[in-house]
Amino acid sequence: MYDAFVALDDDRAADIRVGRRAAANFSMGLGFMTDPNGDALKGLGALTALQDNASGFFQRILDTHGDAMACRAGCSACCHVALDVFEGEALRIVSWVRTLDGFERAALRKALEQAKAGGGTPGVDAAGKKRSPCVFLSGGLCAVYAARPVICRTQGAPLQLRKEDGKGNVTVSVDACPLNYRKEGTFPVAAEWLDLDRLTVLQVLAERQCAAAGNEPMPWKKSAEGRVSLGEVRRELLRLLA
Ligand code: SF4
């Protein structure tokens, strides 16, 4: 397994895997105590670092296997999806918008209004099915690319998932965009797969750091699991940019 996210000693890595230690240890171990981008909202340092690491992981896959991948500007197949995200990820997008200058804010507002006016005209997802686009897809590009959620940064890479059948049997499967690695012998080796279970644990820890920071509540609706739809985030951005 290619460990793109952390360089921890075995003990601490085991703690992260089973979620034994608090977010503070995660912060100490990874040096995430400050927000690297000087974001206006608090507690986003771990998330921002995780997002950067996810992008770095994907870039390494692209550098090595780009010839076998469809991922490039103009392919938005994996953006034909309706995403709910951790609240920290929603705040990260808001925080990024607050750092934009007047010109950038105007351009973003135009892109969001265009996406909204398009009304979610269906496109084709990676499996060839007709689906509505993400609310942030505008002109085939992501309007919030710099602050996009972690999951968006991993699409196109081989994603490993463990499944338990309830009887103690564990199987490991790997999935990837069907547009990638189509020729025999081009699929990345197991050492290059991204461990989604591990990524989820790290996201939960980053979310705890954000929740503990005491940001002002945002006026968006959350699901029972505390997730925020990107539709709610777009609504808040349009209010911010009005
Ligand atoms: S947030 Fe951006 S990258 Fe993620 S699905 Fe939406 S348009 Fe695509």
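Begin with the open sheet of this predicted model, whose three strands stand in the order 7-6-8 with mixed pairing. Select strand 7 (170-175) and strand 8 (194-195), and you have the edge strands, each of which pairs on one side only. Now add strand 6 (residues 159-164), which runs parallel to strand 8 and is joined to that strand by two bridges; to see one pairing in detail, pick Leu159, whose bridge partner in strand 8 is Leu194.

Next, select helix 4 (residues 87-98), whose twelve residues reach 17 Å from the first C-alpha to the last, close to the 16 Å expected at 1.5 Å a residue. Ten of these twelve residues are buried, so helix 4 is largely enclosed by the rest of the structure. Colour the buried ones to follow them along the helix: Gly88, Glu89, Ala90, Leu91, Arg92, Ile93, Val94, Ser95, Trp96 and Val97.

Then move to Thr64, which lies in helix 3 (residues 45-65). Thr64 is exposed, because 12 other C-beta atoms lie within 10 Å of its own and a residue with 12 or fewer counts as exposed. From Thr64, draw a distance to Pro188: although the two residues are 124 residues apart along the chain, their C-alpha atoms are separated by 9.0 Å.

Finish at the ligand, and select the residues around it, which are Cys79, Val81, Leu83, Cys134, Phe136, Leu137, Cys142, Val144, Arg148, Pro149 and Cys152. If you colour this shell by residue class, it divides into ten nonpolar residues, no polar ones and one charged.

Definitions and conventions
Residues are numbered from 1 along each chain as its sequence is written. This is a predicted model: local features need pLDDT of at least 70, side-chain atom pairs count only at pLDDT 80 or more; totals for chains, interfaces and linings use all residues. Helices (H or I, at least four residues) and strands (E, at least two) are DSSP runs, numbered from the N terminus. The expected span of a helix is 1.5 Å times one less than its number of residues. A residue is buried if 20 or more other C-beta atoms lie within 10 Å of its own, exposed if 12 or fewer, and partly exposed in between; C-beta atoms are placed from the backbone. A residue is near a molecule or strand if its C-beta atom, placed from the backbone, lies within 6 Å of it. Ala, Val, Leu, Ile, Met, Phe, Trp, Tyr, Cys and Pro count as nonpolar, Asp, Glu, Lys and Arg as charged, and the others, Gly among them, as polar. Two strands pair if DSSP finds at least two bridges between them.
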